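Subject: Structure for you to look at

Hello,

Here is the structure I said I would pass on. Please open it beside this email and follow along.

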Amino acid sequence: MNFWRIFLVKSFLLLFPSVKCSVSKWIYMAVNESALLNITAVTGSIYDATWLRDRKRFLQIKDRKVKYYVNKEQCRCKIFLNGTMQIEQVRKEDSGKYTVTVYQQDGRLKAEEDLMFIVQEPVPQPILTAECRNKTVSVKCEAKQKTEHETFIIELTQGKSKIIQNNATSLELITQYSGMFRCVFKNQVSKKMSEKVIKCSGQLDFYLILSIAGGAIFFVIFMILVIYCIRKKKAESLENEDEEQMMQARQLEPEMVVRELPQPPCNPTPKQLRVQQRPLPQPQMQQQALPPQPRPRTPQRTPNHPRGRP
């Protein structure tokens, strides 16, 4: 079975060597703009190129002759020599699947491509509304003018948080923080934005909370640094004082050497005892001159006469 499949594929490549594989791509265009649908597989002028829309013939160029299969005024289209088709002032009903086939002059297929052509209207201006609830705020982002059968990509941003919803026309966010809210509506052809500062009474702002927390952290770090510096200075001053005291002690050591007197023997000699008992002479400045005191009168003795003998 596998052998026959490989054989058929090789035979097809040998019979049709110049056929390019079909390439599918998506083309988006805004309303009232001009669109160019080109052929990527072929360059230069071609002999026969036919455009189909939803598998129905739409426009053809063959041997430099153009043929319309639809009303020329209604399609607002034309084709160039290289097979490129142009649609002017596109409308939403121009959206669909387009197929182009290219043939050589001998009738062999040269290329075939499919593409999806989508026409979109520009997005409307978004509107931001808010409702304050119990310690929360409800923010709603919706379209100002809703278009029929149109969906958008909605982005609702608050600070560093973002909510994205595809294929929607409105988006609601319930949060505990106030601040700047931004709503973006976009599709493949346009983008519009609306932003607003929303604050509820009795509710701290998200940035205010961050600033308070940051200030508290900064204050704590500052106090730690101050205490560290004070302790470091005290330790350095104590070290300097200890070094100064040690230097002074080293300088005074030679001057503080005191000679030790020889101690007397345990059993002093009599001469040493007399020297120790002798009073020390007092300095002359401390002796006061005393006035001469009168000498006491001695009583005169009567001469003893010799007694006569009886």
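Below are the findings, taken by region.

Please keep in mind that this is a predicted model.

Strands β10, β11 and β14

A good place to start is strand β11, which covers residues 136-143. Six of the eight residues in β11 are buried, so the strand is mostly covered. On one side, β11 pairs with strand β10 (residues 126-133) in the antiparallel sense, over eight bridges. β11 also pairs with strand β14 (residues 170-175), again antiparallel, and here six bridges join the two.

Val-139 is a useful residue for seeing both pairings. The bridge partner of Val-139 in β10 is Ala-130. In β14, the bridge partner of Val-139 is Leu-173.

β10 and β11 form a hairpin with two residues between the strands. Lys-135, in this hairpin, has a positive phi near 60 degrees.

Salt bridges

How many salt bridges does the structure hold? The count is nine. Some of them are described here.

Arg-133 takes part in two of the contacts listed here, one with Glu-131 and one with Glu-172. For Arg-133 and Glu-131, the distance from N to O is 3.7 Å. For Glu-172 and Arg-133, the closest N and O atoms are 3.9 Å apart. Glu-172 lies in strand β14 and Arg-133 in strand β10, so this pair ties together parts that are 39 residues apart in sequence. Glu-131, Arg-133 and Glu-172 are thus linked in a network of salt bridges.

Are the members of this network buried or exposed? Each falls in between: the relative accessible area is 39% for Arg-133, 45% for Glu-131 and 43% for Glu-172. These residues count as partly exposed because that term covers values between 20% and 50%.

Another salt bridge joins Asp-106 and Arg-108, with the closest N and O atoms 3.0 Å apart. Arg-108 is partly exposed, at 36% relative accessibility.

Strands β3, β4 and β5

Next, look at strands β3 (48-53) and β4 (56-62). β3 and β4 pair in the antiparallel sense over six bridges. In this pairing, Arg-53 stands opposite Lys-56 in β4. The two strands form a hairpin with two residues between them.

β4 is also joined to strand β5 (residues 65-68) by four bridges, and β4 and β5 run antiparallel. Here Lys-62 stands opposite Lys-65 in β5. β4 and β5 form a hairpin as well, with two residues between them.

Residues with a positive phi

Which residue in the turn between β3 and β4 has a positive phi? Asp-54 does, at about 55 degrees, although Asp-54 is not a glycine. Asp-54 is partly exposed, with a relative accessible area of 46%. In the turn between β4 and β5, Asp-63 has a positive phi of about 50 degrees.

Arg-76 is a further case: its phi is near 55 degrees, a positive value in a residue other than glycine. Arg-76 is found in the loop between α2 (72-75) and β6 (77-79). Is Arg-76 buried or exposed? Arg-76 is buried, with a relative accessible area of 14%, because buried means under 20%.

Helix α3 and two surface patches

Finally, turn to helix α3, which covers residues 206-252. Val-220 lies in this helix and belongs to a nonpolar surface patch of about 630 Å². The patch is made by Phe-218, Phe-219, Val-220, Phe-222, Met-223 and Ile-224. Val-220 is partly exposed, with a relative accessible area of 45%.

Glu-236 is also in helix α3, and it helps to form a negative surface patch. Which residues make up this negative patch? Glu-236, Glu-239, Glu-241, Asp-242, Glu-243 and Glu-244 form it. Glu-236 is partly exposed, with a relative accessible area of 40%. A residue needs over 30% relative accessible area to be counted in a patch, and Glu-236 and Val-220 both meet that cut-off.

Regards

Conventions: Residues numbered from 1 in each chain as written. Predicted model: local features only at pLDDT ≥ 70, side-chain atom pairs only at ≥ 80, totals over all residues. Heavy atoms only, no water. Buried < 20%, exposed > 50% of the residue type's maximum accessible area, 1.4 Å probe, protein only. Pairing = 2+ DSSP bridges. Patch = residues over 30% accessible without salt bridge, like charges linked within 9 Å, V, L, I, M, F, W, Y side chains within 5 Å. Areas by Shrake-Rupley, 256 points an atom, 1.4 Å probe, with all protein chains shown as cover. Salt bridge = Lys/Arg side-chain N within 4 Å of Asp/Glu carboxyl O. Lys, Arg positive; Asp, Glu negative; His and termini not counted. Charge placed at Lys NZ, Arg CZ, Asp CG, Glu CD.
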